[in-house]
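Work through these exercises with the structure open beside you. Try each task before reading its solution.

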Amino acid sequence: MVRSRVALTLPLALALAAVAAGAWARGPLSELRLGQGCAALGRCCPRRDPTCAARGPLRCFCDQACGAARDCCADYARVCPAVSCIVAEWSAWSRCAKPCQVSYRVRRRHVLREPRNGGAPCPPLEERAGCVEYRSHQGVECQQSMLPALITPSSYREEWKKQGVPKEQKAVGYCVQFRLGPIPRSCGQVRALHAQWTRYLTQGHTVCVRCEWPAQDVRSQRCYGDGGEAQGNQLLLWQAAGHPQCRGTWQRLGQRRDCSCPAVHSLIFI
């Protein structure tokens, strides 16, 4: 009788073992004994780490790649929760790297918390944007001889520091309307946040470009590249500051006292 009981029990044991193995292949164990799992191992490992294995009847892991491999210990999510990166706010923009020429400004942010256990990685910690300063670091006014006309969104003018400027340099600004010519594909292929505005540049659309200090020349009270001397339907050149590959042509439609274009088509000379 005992032999027949054993004979009947052995296939059942093998079947149960097969079911347990199949359940492990589909996901982590639901229960752990004392001294097993990530809590007992006492560490959570980055990336794929074969040495980051916990004790137990079935081998399980506490590394970052265990989720994709489906071999995590049952307590992995509790002991090793995903922690995403946290960064600080952007710093203020720096001055232009080089005065009196097309250059760039920089802003940075630092990491407040590093990512762990497969959490979201940190975003870029530095960002650059095109800019121009019309005075040297010694305060000497630069010669405006840049070609083509440099443009950027009108929101940039709020960042220009105007304190301490002599009254005679605060000339009244003006607006110039242009009709855009063909737009290169590169204008739409941009990732940097500060250059996203170039995606809205469309052939045939009218843009308003504001001329004001400090881009406005003190003597002529004009901005370089405003097309004031253009003849008829002459094609003029422009370039997006901070996105050197985005450049094209436009035709001057006329000068206005104030700009009235939509926000995405409101620009300034720099």
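**Exercise 1.** What is the torsion about the S-S bond of C208 and C261, and which handedness does the disulfide have?

*Solution.* Keep in mind that this is a predicted model.
- Step 1. Find the bond. C208 and C261 form a disulfide, with sulfur atoms 1.9 Å apart.
- Step 2. Read the torsion. The angle about this S-S bond is about 65°, so the disulfide is right-handed.
- Step 3. Place the two ends. The pair links distant parts of the chain, 53 residues apart. C208 sits in strand β9 (residues 206-211), while C261 lies in the loop between β11 (247-256) and β12 (266-269).

**Exercise 2.** Decide for C208 and then for C261: buried or exposed?

*Solution.*
- Step 1. Recall the cut-off. Buried means under 20% relative accessible area.
- Step 2. Take C208. Its relative accessible area is 0%, so C208 is buried.
- Step 3. Take C261. Its relative accessibility is 16%, so C261 also counts as buried.

**Exercise 3.** Describe the disulfide between C211 and C223.

*Solution.*
- Step 1. Check the distance. The sulfur atoms of C211 and C223 are 2.0 Å apart.
- Step 2. Locate the partners. C211 belongs to strand β9, and C223 to the loop between β9 and β10 (235-240). They are 12 residues apart, and the pair links distant parts of the chain.
- Step 3. Find the handedness. The torsion about the S-S bond of C211 and C223 is about 95°, so the disulfide is right-handed.
- Step 4. Check burial. Both C211 and C223 are buried.

**Exercise 4.** How many disulfides does the structure hold? Then describe the one that joins C66 to C72.

*Solution.*
- Step 1. Count. The structure holds 10 disulfides.
- Step 2. Turn to C66 and C72. Their S to S distance is 2.0 Å.
- Step 3. Use the torsion. It is about 90° about the S-S bond of C66 and C72, so this disulfide is right-handed.
- Step 4. Check burial. C66 is buried, and C72 is too.

**Exercise 5.** Where is V83 placed, and which residues is it in contact with beyond its neighbours within four places in sequence?

*Solution.*
- Step 1. Place V83. It is in the loop between α4 (76-79) and β3 (86-87).
- Step 2. Judge its burial. V83 has 12% relative accessibility, so it counts as buried.
- Step 3. List the contacts. Beyond those neighbours, V83 is in contact with R113, E114, P115, R116 and G119.
- Step 4. Look at one of these partners. V83 and R113 are 30 residues apart along the chain, and their C-alpha atoms are separated by 8.6 Å.

Note on methods. Residues are numbered from 1 along each chain as its sequence is written. This is a predicted model: local features need pLDDT of at least 70, side-chain atom pairs count only at pLDDT 80 or more; totals for chains, interfaces and linings use all residues. Side-chain values use heavy atoms; hydrogens and water are left out. A disulfide is a pair of cysteine sulfur atoms within 2.5 Å. Buried means under 20% relative accessible area, exposed over 50%, partly exposed in between (1.4 Å probe, protein chains only). Helices (H or I, at least four residues) and strands (E, at least two) are DSSP runs, numbered from the N terminus. Contact means heavy atoms within 4.5 Å.
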